[in-house]
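Let's take a walk through a protein together, one step at a time. Have a look at the structure below, turn it around a little, and then read on.

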Amino acid sequence: MIKRFPPAQATVPARLTKLAQVAIAATLVLNVWGNPSVAADPFRSKEPRNIGNNTEAAFNAIFQKGDYKAAESYLQQALSKEPNEPLAYAMKASLAYTNKDWASLETYSKKTLEIAQKLTSSDPLRGNLYTAVGHFLEGAVIMQREGTVSAAPKALSRLREIYKHLDQAEAVAANDAELNLLKGYMDLMLAVNLPFASPEQAIERLEKNAGPQYLVDRGIALAYRDLKRYDRALEYAERALKMTPDNPELYYLKAQIQRGMAKKDKNQQMMQEAINNFDKALTKQAQLPAGLVKQIQRERRLTVRDIAKAQR
């Protein structure tokens, strides 16, 4: 697995910067772990792990409802009542990144790695999986502290460590849904941003073995959006929306896809549909992070501007 990465000294600065951006972006995906319909373990019907009710409730809040404020409350309870669950710390770190709380990001990144390493002896699958997550989060801390260009070689070293632990987890249970969800998302981000990974293989991993399904569909929609294959992206976004229709982030994703499609095809009706979906996302702005709300508002303004330009 390590052979996929070229020597750091042979990578041009632009690619190193992309790698750094990918590693930071991956922290946002570390929330992507839940199937709210299953108690205790959101991934497995056979041989379930006891992940914890409060951690699961945080999954529900973010990925069914897009309610980050509720998730914060559940995670505070999880840290108190489920202190040996590395996912809770990973989610806290991810939310700290979203809120640009760099001190908390560093604290919870270290805690994720610490708890995951302790878990490895009793559960080598999830222990190695979250050890990889911890290294990913700590990489984000380094890049925030040192800047993307300066920290990029360190990020490359972190990626080697991450994939070493992912390979160890895969040796335990190659078809595990939780493992394939995380690994599929990371592979997709690498494939979209860097030249040495295949998006088709990452998409296949998600489709074959990952779960839950609505997060699989959401991830593939994101990948096709970034690859500018808007028809396929819209198809998968619609699938995810059918399963989680109350999540405003999915309306935002759909709006982004529609805007890209409309600009490509010069389709003003599609552009208006994008505005409608930006508006649907903003109806629940009170439960979203402030930075995300500003981003949605900005992209909506740009879409309105595009329509006005086309009508001149």
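Before we start, one idea will come in handy: a surface patch is made of residues that have over 30% relative accessible area and no salt bridge, with like charges joined within 9 Å. Lys and Arg count as positive here, while Asp and Glu count as negative. Keep in mind, too, that what you're looking at is a predicted model.

With that in hand, which residues gather in a patch of positive charge on the surface? They are K228, K263, K309 and R312. Take K309 as an example: you'll find it in helix α14, which covers residues 290-310. K309 has a relative accessible area of 45%, so it counts as partly exposed.

Stay in helix α14 for a moment, since I307 has its place there too. Is I307 buried or exposed? With a relative accessibility of 12%, I307 counts as buried, because the cut-off for that label is under 20%. So what does I307 touch, if we set aside its neighbours within four places in sequence? Its contacts are Q268, M271, Q272 and I275. You can also check the spacing to Q269: this residue is 38 places away from I307 along the chain, and the two C-alpha atoms are 9.5 Å apart.

Now zoom out to the protein chain as a whole. How many helices and strands does it have? The tally is 14 helices and 0 strands, so if you read the elements from the N terminus on, you simply get one α after another. Of the 312 residues in the chain, 54% are buried. The chain exposes about 13,900 Å², and carbon and sulfur atoms supply 49% of that area. Here's another way to look at the fold: take the contacts between residues at least 6 apart in sequence, and 64% of them join residues at least 24 apart.

Next up are the salt bridges, where a side-chain nitrogen of Lys or Arg sits within 4 Å of a carboxyl oxygen of Asp or Glu. By that rule, the count is 23. Let's visit a few of them.

One of these pairs is E106 and K110, whose closest N and O atoms are 3.6 Å apart. Where do the two sit relative to each other? Both belong to helix α5 (residues 102-119), and because they are 4 residues apart, about one helical turn separates them. E106 is partly exposed at 29% relative accessible area, and K110 is partly exposed as well, at 46%.

Another pair is K183 and E170, with the closest N and O atoms 2.6 Å apart. This time two helices are involved: K183 lies in helix α8 (residues 177-193) and E170 in helix α7 (residues 148-172), so the salt bridge ties together parts that are 13 residues apart in sequence. K183 is buried, at 0% relative accessibility, whereas E170 is partly exposed at 22%. This pair also has company, as salt bridges that share partners join D167, E170, K183, D187 and R205 into one network.

Finally, look for R225 and D226, whose side chains meet in a salt bridge with 2.9 Å from N to O. D226 is partly exposed, with a relative accessibility of 38%.

Terms used. Residues are numbered from 1 along each chain as its sequence is written. This is a predicted model: local features need pLDDT of at least 70, side-chain atom pairs count only at pLDDT 80 or more; totals for chains, interfaces and linings use all residues. Side-chain values use heavy atoms; hydrogens and water are left out. Buried means under 20% relative accessible area, exposed over 50%, partly exposed in between (1.4 Å probe, protein chains only). Contact means heavy atoms within 4.5 Å. Accessible areas come from the Shrake-Rupley method with a 1.4 Å probe; for residues, only the protein chains shown count as cover. Patches are made of residues with over 30% relative accessible area and no salt bridge: like charges are joined within 9 Å, nonpolar side chains (Val, Leu, Ile, Met, Phe, Trp, Tyr) within 5 Å. The place of a charge is taken as NZ of Lys, CZ of Arg, CG of Asp or CD of Glu.
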